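Trainee: Please choose one part of this model for a close look, and then connect it to the elements described around it. I would like one continuous account.

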Amino acid sequence: MKTWKIAIVGLGDIAEHTYMAQMHRNSRAEVVACCDIKPDRTALFQKKFGIPGAYSKIEDLLEKEDFEILMDTASIPAHFELNMKALKAGKHLYSQKPIGLTVDEATEMITTAEKMGVKFAAAPIHMLRNDIREAKRLIDGGVIGKVNLARAMAAHGGPEYFQYRVNDPSWFYEPGAGALYDLGVHALHMVTGLLGPAKKVICTATVSSPLRTIRSGNFDGKQIHSNKLFDNYLIHLDFGGGTIADVTTGFCIKATTAPQLEIYGEYGSIILTDDPKQPLKIYIDNPDKKIRGWIDEQPQERPEPEFYQCSCIADLIEAIENNRPPRIQPEHARHVIDLICNIEECARDGKVRQLTTSF
Ligand SMILES: NC(=O)c1ccc[n+]([C@@H]2O[C@H](COP(=O)([O-])OP(=O)(O)OC[C@H]3O[C@@H](n4cnc5c(N)ncnc54)[C@H](O)[C@@H]3O)[C@@H](O)[C@H]2O)c1
């Protein structure tokens, strides 16, 4: 079986602690090169993970290294430029989220991937998760009937808040990044992944903390002026046909017991828990069968392979080999970028926005 050669660009927190820490679980992939504008990061990756090639510029990586798949795990504002260079060079691509900052950027990447005949997988990875796929199977199978309402939450206290980061997280508070792009994107992906494209959006947002102090890691004690972007959002989505959703996101929730996602349908509810022993809680009210209550679902089919963050690479390889679209599609990512751009505008003038993209 072929082993696919991978280059990883953007050697920060997630690259080190999530992707490289898990890559060994994917026997079909080998990381042959790494790239970061910071030489200390490439040196660390070479030493810690034994990666042969190291580059400080994507241009040199693309020109000199022999590889097939690029993983873009760089900071958010760098994604579009890095992704376009890789696609134009004919590389298959997995990009961290968001793949770009505007719908036009997303369209340009999708069109370039098609033109170059390469596969393009776009984070977040929620649609590869077993719990989300099972929830989708139940919803699409009509188990809870018409969905009336969903509630989603993706929030924490901010990247400077006890994350023991090696890199300075100040960039998260600069235009081109922010809570909506970093966290809201997760909740918006989950809810649209399960319910389909939204048609309308309205939102309220505030700045909860205009000045923040880094609380851990290499930049402990440094202050960040965090007043340029909203960090506290309440978003309402309308999917048409009587289905609406409420999404909470921001860098201002230090602790919560709220589930990531709850779906309320005509015949019951589906709740995503954080409990690996019972990832979904399902309530069914079926008057015809005289059943009402929480159910203990037993799998009726062979269980899916265990999900882990690098499942995105396993799926991309399968997509390339079988010439099918990756399960985490850039068209879905583009719809979420459309939502994010409209949410930002709506937060400023309070006017309802109609969405134009779909997936
Ligand atoms: N840290 C997490 O827990 C987490 C979780 C999910 C998603 N993400 C996403 O992963 C991405 C990276 O986040 P992070 O937390 O690892 O950030 P980070 O700041 O720790 O690392 C980003 C790295 O990208 C490098 N970089 C920036 N521009 C570059 C360029 N043009 N060429 C090469 N390297 C470049 C930086 O030097 C830095 O080393 C973001 O899109 C973020 O939203 C992070």
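Mentor: A residue is taken to be near a molecule if its C-beta atom, placed from the backbone, lies within 6 Å of that molecule. The model is predicted, and 23 residues surround the ligand in it. The closest of these are G10, G12, D13, I14 and A78. Helix α1, residues 13-22, supplies the largest share of the shell, 3 residues. By class, the shell divides into 11 nonpolar, 6 polar and 6 charged residues.

Two helices may be considered next. In helix α4, which spans residues 79-88, the buried residues are H79, F80, L82, N83, A86 and L87. These lie on the same side of α4, because they cover an arc of only 165° around its axis. The elements covering them include the strands β1 (4-9), β4 (69-72), β5 (92-95) and β6 (120-122), together with the helices α3 (58-64) and α5 (103-116). After α4 comes G90, with a positive phi near 80°.

Helix α2, residues 39-49, has R41, T42 and F45 buried. Their arc around the axis is only 100°, and they therefore share the same side of α2. That buried set packs against β2 (29-35) and β3 (53-55). Exposed residues P39, D40 and K47 sit on the face of α2 turned away from its buried side. Just after α2, G50 adopts a positive phi of about 60°.

The part that deserves the closest look is the open sheet of 9 strands. Its order is β16-β15-β14-β13-β7-β12-β11-β8-β17, and its pairing is mixed. The edges are β16 (291-295) and β17 (353-354), each of which pairs on one side only.

Within this order, strand β13 can be followed on both sides. Toward β7, the two strands run antiparallel and are joined by 5 bridges, with A152 standing opposite L261 of β13. Toward β14, the arrangement is again antiparallel with 5 bridges, and here L261 stands opposite L272 of β14. L261 is thus placed opposite A152 and also opposite L272. Moreover, β13 and β14 make a hairpin, with 2 residues between them.

The side chains of β13 separate by face: L261, I263 and G265 belong to the covered face, whereas E262 and Y264 belong to the uncovered one. In a regular strand, side chains alternate between the two faces of the sheet.

At the β16 edge, β15 (residues 280-286) pairs with β16 in the antiparallel sense over 5 bridges. One pair there is D285 with R292, the latter being its bridge partner in β16.

Helices also lie against this sheet. Helix α9, residues 330-349, packs on it and touches β8 (200-206), β11 (232-240) and β17; the direction of α9 makes about 55° with that of β8. Helix α6, residues 130-140, lies across β7 (147-155), β13 (261-265), β14 (268-272) and β15, and runs at about 170° to β14. Among the strands that α6 crosses are therefore both members of the β13-β14 hairpin.

Notes:
Residues are numbered from 1 along each chain as its sequence is written. This is a predicted model: local features need pLDDT of at least 70, side-chain atom pairs count only at pLDDT 80 or more; totals for chains, interfaces and linings use all residues. Two strands pair if DSSP finds at least two bridges between them. Helices (H or I, at least four residues) and strands (E, at least two) are DSSP runs, numbered from the N terminus. Two residues are in contact if their C-beta atoms, placed from the backbone, lie within 7 Å. Axes are lines fitted to C-alpha atoms, for helices over the stretch in contact, and angles run from 0 to 180 degrees between N-to-C directions. A residue is buried if 20 or more other C-beta atoms lie within 10 Å of its own, exposed if 12 or fewer, and partly exposed in between; C-beta atoms are placed from the backbone. The arc is that of the directions from the helix axis to the C-beta atoms. Ala, Val, Leu, Ile, Met, Phe, Trp, Tyr, Cys and Pro count as nonpolar, Asp, Glu, Lys and Arg as charged, and the others, Gly among them, as polar.
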